[in-house]
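Trainee: I should like to work through the packing of this structure with you. May we begin with the terms required to describe it?

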Amino acid sequence: MQRSSAAATYAASEVLLMLSPMVLALTGLWYAWKRSTAPRMAFAGNAGQLSQGKSWTIDMSPTVMHAKVAAPAGADLSTAGVAIPETVVRCPTLDNFHPELVTPEGKDYRAISKLHVMVVGVSVHSTPVEIREKLAVAKEDWPVAIEQLVQYSHIQEAGVLSTCNRMEIYVVASDPKEGVRDVVGWMAQKSGLSHEELSPYLFLRQDGDAVDHVLQVSAGLDSLIMGEGQILSQVKSVHQVGSEAKGFGQYLSALFMQAITAGKRVRSETSIATGAVSVSSAAAELAQMKLPGNTWENVRVSIIGAGKMSKLLVKHLVSKGCTKMTIVNRSMPRAQELQEEFPMADMTIKLSPDLMSVVADSDVIFVASSSTEILIHKEDVASMPAPPANVGGMRRFFDISVPRNTSTELNELENAHVFNVDDLKEVVEANKEARKEAAEAALVLLKDEKASFEGWMTALQAVPTIKRLRGKAEAIRVMELEKAKNKLSDDLTPKQLKTLEDLSRGIMNKMLHAPMQALRGDEDLEAHLGNITVLSRVFNLTEEDEKMQKRKK
């Protein structure tokens with residue numbers, strides 16, 4: 001018993017002797033590192049704000065990106081970051097497509113990660129529906145679009161947001177100019193339009209401005225109808241679909257999660273959504289404005305489609321006193337669900353084969369279908385009987401589908417007129433002014449959400465260094481522990497061996513605690529990157545050290 005106790009005491013002293021050089025070395029290097037980073041740390045206290053980005057104002061007309069035909073001589077179009085094998089050959093004419101890139105103020109994303117967050121898109125604010133519908137991507141096709149986009153050589157991650165008001169492509173790119181060219185090449189192929197035809201309508205946002213944009217989109221600040229709630233569910237869909245698609249990586253996943261959080265905060269902490277209207281409610285409002293006497297009395301109403309937009313249409317029509325309507329849908333179950341949800345409405349259900357007879361018996365037709373084709377043509381309506389005098393002898397179509405389902409040629413008829421999503425601007429101008437104060441409050445919240453995302457992105461860069469530092473320390477610990485064990489007697493008990501293991505691990509973890517905290521906690525970008533560089537150099541960290549950490553796991 002005495003021999004065992006003596007052996008344990010001797011073993012502990014041997015371990016301490018073995019570890020003493022490592023402890024002293026770590027201590028000396030730690031103080032050297034602290035001294036070398038002291039100026040940065042002092043400066044960081046004055047840095048204060050995480051984001052010194054662009055002025056946070058409400059811009060309902062996104063910057064339009066125009067193209068210059070030729071790239072300037074000597075332009076640096078080299079790829080930064082990790083090279084990716086080219087798997088898609090881009091149209092050669094796009095090499096002469098030179099997007100006007102404006103480097104955002106604030107954090108330099110290339111300095112953080114050697115990558116750029118970009119958004120290229122079109123929206124209802126600057127692009128007519130004729131262009132938007134050619135670019136529209138159905139939700140079920142988003143995964144395919146993502147996989148196609150990441151096959152381009154400069155795109156490492158991609159996400160798609162396509163609604164009736166916008167079609168936006170989010171990418172993480174190694175080179176901003178080449179990334180934009182890849183996206184525009186894909187958009188041209190998708191739409192059948194050349195990049196020359198697309199460029200007057202495209203808007204481009206890079207890095208901090210791209211983050212600003214998606215946060216404002218999710219909060220409803222960039223919507224046609226400010227504060228509308230449907231866009232938040234669409235942003236959630238981007239993350240949900242992307243999570244199951246190849247090519248929607250960690251940067252976009254984190255960005256859209258932050259956007260979802262931002263959208264929820266804005267709606268719960270401001271009055272932006274108080275009495276908020278949607279595209280569907282605006283369509284119902286516009287229809288009532290166009291009716292003689294602004295009343296739904298004795299007006300025959302039909303709705304084509306039974307999806308979310310139709311559900312909102314029914315809700316707002318009922319609130320305006322329009323309780324009698326016909327629903328036309330491809331399948332009966334979904335239409336019946338709509339009927340059951342609004343028992344106060346006198347709702348008749350018809351299937352698609354009865355579409356034309358329903359239109360002929362209607363004065364106001366709302367089109368909210370998911371079809372990608374024109375459902376109602378001029379020749380279909382031309383032979384229909386004229387509507388009655390109480391609606392001014394005019395059959396009115398309100399097509400809120402994108403792509404549109406109603407031909408604009410109906411406007412050539414004397415007794416028919418088609419309104420589309422772009423015509424809703426007439427209704428929503430007053431909405432912007434009424435929500436201006438709430439929008440300003442929302443922008444303050446979005447600054448915090450942007451800072452959170454950029455903080456996560458900055459911290460991400462320390463992960464390899466953290467792994468390497470722990471791996472190197474672990475290798476030294478294991479080596480010195482084995483040396484100590486070899487010098488000790490063979491009759492150490494498992495408990496004594498565990499005590500030695502715990503002792504060596506405890507010393508290592510305590511010595512690493514302060515460097516690890518510095519790597520994780522510095523919010524100043526310059527200081528943070530400086531910490532990573534200094535630690536890597538002082539401890540001579542390599543990829544082999546990171547492998548040691550992986551083997552331990």
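Mentor: Axes are lines fitted to C-alpha atoms, for helices over the stretch in contact, and angles run from 0 to 180 degrees between N-to-C directions. The model under discussion is predicted.

Trainee: Is helix 7 parallel or oblique to helix 16?

Mentor: Helix 7 (residues 208-219) packs against helix 16 (residues 436-460) with the axes 10 Å apart and at an angle of about 130°. Angles over 145 degrees count as roughly antiparallel and 65 to 115 as roughly perpendicular. The angle falls in neither range, and therefore helix 7 is, relative to helix 16, oblique.

Trainee: How many residues of the contact of helix 7 with helix 16 are charged?

Mentor: Helix 7 contributes Gly208, Val211, Asp212, Leu215, Gln216 and Ala219, while helix 16 contributes Leu443, Leu446, Glu449, Lys450, Phe453 and Glu454. Six of these residues are nonpolar and two are polar. Asp, Glu, Lys and Arg count as charged, and the number of charged residues is four.

Trainee: Which are the edge strands of the open sheet of six strands?

Mentor: The strand order is 9-8-7-10-11-12, with parallel pairing. An edge strand pairs on one side only. The edge strands are therefore strand 9 (346-351) and strand 12 (416-420).

Trainee: Which residue of strand 12 stands opposite Asp399?

Mentor: Strand 11 (residues 395-399) pairs with strand 12 in the parallel sense over five bridges. Opposite Asp399 stands Asn420.

Note on methods:
Residues are numbered from 1 along each chain as its sequence is written. This is a predicted model: local features need pLDDT of at least 70, side-chain atom pairs count only at pLDDT 80 or more; totals for chains, interfaces and linings use all residues. Side-chain values use heavy atoms; hydrogens and water are left out. Two strands pair if DSSP finds at least two bridges between them. Helices (H or I, at least four residues) and strands (E, at least two) are DSSP runs, numbered from the N terminus. Angles under 35 degrees count as roughly parallel, over 145 as roughly antiparallel, 65 to 115 as roughly perpendicular and the rest as oblique. Contact means heavy atoms within 4.5 Å.
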